Amino acid sequence: AEVIVTELKVSASAFALEVEGLSMSPDILPGDKVIVDPQVTPRPGSFVVAQIDGEPKATLKRYRDRGRDARGPVIELAPTNPDYPT
């Protein structure tokens with residue numbers, strides 16, 4: 001396993017992922033490594049990693065809070081590349 005060294009203050013459950021695809025370009029590019037800390041609560045505008053039901057891979061997107069509806073919180077996972085869908 002590769003070790004990623006960071007000066008960021010992260011929890012013991014933090015891990016790194018290597019990015020594939022162009023949905024977050026130009027901010028984050030294929031081959032970039034991102035540090036994920038599942039102990040941090042996302043805020044609007046945060047980058048988040050999520051696994052969509054039934055999908056084998058996780059996705060990296062920007063978190064957007066869209067309020068609540070009858071079922072509970074409504075969030076949006078948005079790419080930074082406008083050529084990709086929300």
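Guide: Let's begin with a term: a strand here is a DSSP run of E with at least two residues, numbered from the N terminus. I35, for instance, is found in strand β2, which covers residues 33-36. Keep in mind that this is a predicted model.

Visitor: Okay, so how many helices and strands does the chain have?

Guide: There are zero helices and five strands. Reading from the N terminus, you get β-β-β-β-β.

Visitor: What does the C-alpha trace span along its principal axes?

Guide: The span is about 45 × 30 × 25 Å.

Visitor: And what share of the residues count as buried?

Guide: The idea is that a residue is buried when its relative accessible area is under 20%, exposed when it is over 50%, and partly exposed in between. In this chain of 86 residues, 22% count as buried. As for the surface, the chain exposes about 6,600 Å², and carbon and sulfur atoms supply 52% of that.

Visitor: Back to I35, then. Is I35 buried or partly exposed?

Guide: I35 has a relative accessible area of 36%, so it is partly exposed. I35 also helps make a nonpolar surface patch of about 310 Å², together with I4, L8 and V10.

Visitor: Can we try reading another strand residue? Where does V49 lie?

Guide: V49 sits in strand β3, residues 47-51. Its relative accessibility is 31%, so V49 counts as partly exposed too.

Visitor: Which residues is V49 in contact with, leaving aside its neighbours within four places in sequence?

Guide: Contact means heavy atoms within 4.5 Å. On that basis V49 touches L17, V36, A58, T59 and L60. You can also compare sequence with space: V49 and V34 are 15 residues apart along the chain, and their C-alpha atoms are 9.6 Å apart.

Visitor: What about contacts across the whole chain? What share of those between residues at least 6 apart join residues at least 24 apart?

Guide: That share is 34%.

Visitor: Now for charges. How many positive and negative ones are there?

Guide: The chain has 10 positive and 13 negative charges, and the mean positions of the two sets are 6 Å apart.

Visitor: And how do I read a salt bridge?

Guide: Side chains of opposite charge can pair when their charged atoms come close. A search of the whole structure turns up six salt bridges. In one of them, the side chains of R62 and D27 meet at 3.9 Å, N to O. This pair links distant parts of the chain, 35 residues apart: R62 is in strand β4 (residues 58-69), while D27 is in the loop between β1 (15-18) and β2.

Visitor: Are R62 and D27 buried or partly exposed?

Guide: R62 is partly exposed at 25% relative accessible area, and D27 is partly exposed at 46%.

Visitor: Which residue forms a salt bridge with R64?

Guide: That's E76, with the closest N and O atoms 3.0 Å apart. R64 lies in strand β4 and E76 in strand β5 (residues 72-78), so the pair ties together parts twelve residues apart in sequence. E76 has a relative accessible area of 22%, which makes E76 partly exposed.

Visitor: Which other residue forms a salt bridge with E76?

Guide: R66 does, and here the closest N and O atoms are 2.9 Å apart. E76 in strand β5 and R66 in strand β4 are ten residues apart. Salt bridges with shared partners join R64, R66 and E76 into one network.

Terms used:
Residues are numbered from 1 along each chain as its sequence is written. This is a predicted model: local features need pLDDT of at least 70, side-chain atom pairs count only at pLDDT 80 or more; totals for chains, interfaces and linings use all residues. Side-chain values use heavy atoms; hydrogens and water are left out. Helices (H or I, at least four residues) and strands (E, at least two) are DSSP runs, numbered from the N terminus. Buried means under 20% relative accessible area, exposed over 50%, partly exposed in between (1.4 Å probe, protein chains only). Accessible areas come from the Shrake-Rupley method with a 1.4 Å probe; for residues, only the protein chains shown count as cover. Lys and Arg count as positive and Asp and Glu as negative; His and the chain ends are not counted. The place of a charge is taken as NZ of Lys, CZ of Arg, CG of Asp or CD of Glu. Patches are made of residues with over 30% relative accessible area and no salt bridge: like charges are joined within 9 Å, nonpolar side chains (Val, Leu, Ile, Met, Phe, Trp, Tyr) within 5 Å. A salt bridge is a side-chain nitrogen of Lys or Arg within 4 Å of a carboxyl oxygen of Asp or Glu.
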